[in-house]
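Welcome, and please get your viewer ready. This tour goes from one selection to the next and says what is there at each stop.

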Amino acid sequence: MVPKTIVISTSPWVQMFFCFYIIQHNFSCVKQKNTFVLNRFCVIVLKRRYYEQDFLITGPAGVGKSTISKLIAKNMDKSVLIEGDDIYHLVVGGYVSPWKEGNHLKLFWENCKSLIKNAIENGYDVVFNYILNEKQVEDIKKSFSECEIKFVCLMVDEITIVKRDKLRPEDCQMGERALVLLNKMRSRNFDKNNILDTSKMSAEETYMEILSNSQYII
């Protein structure tokens, strides 16, 4: 009989429970790379991989990109969190806002890709967040084709984006521009499978959805 497949979370306590369950029920178990083959079912453990994993998190300002990215990064064995805003603000003299003419997006993008490449080459998973467009997502996909990449565009409704924007530090609040960016993000031609509406989701529910759902792989 073909064994059923169960995907276990990367959470250590879940894996501990799984091992305890095997002992308690006296299952025969043979480890084959990342797959445990049991006499009743097959369990794929996502904890161990032979490749690095990238998470691209985008969405309008105030949607929760930083919060979710930090949660994902903290739950990986070896991870690097790259906050796009921090990289863009490395430029001090001659700083120009990214939406204005004369910006330094070219330098920013080259810096981001270099950081991602360096982290991957050193065996780290990468969580990168920024307000991305279709071309940038495709560029990342082609540049790091050896990695499993999960791309998620976080979205919310108008009421929620205003509420979340007000929860940010005062110097980071976008005000009316938060709604402008929300509508601009809605116009992006992202695959619907990569769009996650978090209006009624907690931060924990959101990051667990991203970790556990393979539909976000590009």
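## Stop 1: a buried isoleucine

Select I82 to begin: with a relative accessibility of 4%, this residue counts as buried. Keep in mind along the way that the model is predicted. I82 belongs to strand 6, which covers residues 79–83.

Now show what surrounds I82. Beyond residues up to four places away in sequence, I82 touches I87, L115, I116, V126, V127, F128 and N129. Pick L115 from that list and draw a C-alpha to C-alpha distance to I82: the two are 8.0 Å apart in space, with their positions 33 residues apart in sequence.

## Stop 2: zoom out

Show the whole protein chain for a moment. Its secondary structure comes to eight helices and nine strands. Of its 218 residues, 39% count as buried. If you switch on a surface, the chain exposes about 13,100 Å², and carbon and sulfur atoms supply 54% of that area.

A contact map is a good companion here. Among contacts in the protein chain with a separation of 6 or more, 69% are between residues 24 or more positions apart.

## Stop 3: strand 5 and its partners

Next, select residues 53–58, which make up strand 5. Are the residues of strand 5 mostly covered or not? Mostly covered: six of its six residues are buried. Turn on side chains and look along the strand. Q53, F55 and I57 point one way, D54, L56 and T58 point the other way, and all of them are buried.

Which strands pair with strand 5? Strand 8, residues 148–155, pairs with strand 5 in the parallel sense over six bridges. Strand 7, residues 125–129, also pairs with strand 5 in the parallel sense, over four bridges.

D54 makes a handy marker for both pairings. In strand 8, the residue opposite D54 is I149; in strand 7, the residue opposite D54 is V126. You have met V126 before, as one of the residues that I82 touches.

## Stop 4: the aromatic cluster

Color the aromatic rings. There are six aromatic pairs in the structure. Start with Y88 and F108: their ring centres are 5.7 Å apart and their planes meet at 65°, so this pair is edge-to-face. Y88 sits in helix 3 (residues 84–88) and F108 in helix 4 (residues 105–121), so the pair links distant parts of the chain, 20 residues apart. Both Y88 and F108 are buried.

Stay on F108 and add Y130. These two form a tilted aromatic pair, 4.5 Å centre to centre with 45° between the planes. Because F108 lies in helix 4 and Y130 in the loop between strand 7 and helix 5 (134–143), the pair ties together parts that are 22 residues apart in sequence. Y130, like F108, is buried.

Now select the full group: Y88, Y95, F108, W109, F128 and Y130 form one aromatic cluster. F128 also appeared at the opening stop, among the residues touched by I82.

## Stop 5: charges over rings

Two rings are worth viewing face-on. K78 lies over the face of Y124, at 4.5 Å from the ring centre. R177 lies over the face of W99, at 4.1 Å from the ring centre.

## Stop 6: helices 7 and 6

Select helix 7, residues 176–186, where A178, L181, L182 and M185 are buried. Looking down the axis, you will find these residues on the same side of helix 7, because they cover an arc of only 105°. What do the buried residues of helix 7 pack against? They pack against strand 5, strand 8 and helix 6 (158–167).

Move on to helix 6, where T160, I161 and D165 are buried. Seen down the axis, the buried residues of helix 6 fall within an arc of 130°, so they line one face of the helix. On the other side of helix 6, I159, K163, K166 and L167 are exposed. Helix 7 is included in what covers the buried residues of helix 6.

## Stop 7: a threonine to finish

Finally, select T206 in helix 8, residues 203–212. T206 is buried, with a relative accessible area of 2%. Setting aside neighbours within four places in sequence, T206 is in contact with I68, L154, L196, T198 and M201.

Technical notes:
Residues are numbered from 1 along each chain as its sequence is written. This is a predicted model: local features need pLDDT of at least 70, side-chain atom pairs count only at pLDDT 80 or more; totals for chains, interfaces and linings use all residues. Side-chain values use heavy atoms; hydrogens and water are left out. Helices (H or I, at least four residues) and strands (E, at least two) are DSSP runs, numbered from the N terminus. Buried means under 20% relative accessible area, exposed over 50%, partly exposed in between (1.4 Å probe, protein chains only). Contact means heavy atoms within 4.5 Å. Two strands pair if DSSP finds at least two bridges between them. Rings of Phe, Tyr and Trp (its six-membered ring) pair if their centres lie within 6.5 Å; planes under 30 degrees apart count as stacked, over 60 as edge-to-face and the rest as tilted. A charge sits over a ring if NZ of Lys or CZ of Arg is within 6 Å of the ring centre and within 35 degrees of the ring normal. Accessible areas come from the Shrake-Rupley method with a 1.4 Å probe; for residues, only the protein chains shown count as cover. The arc is that of the directions from the helix axis to the C-beta atoms.
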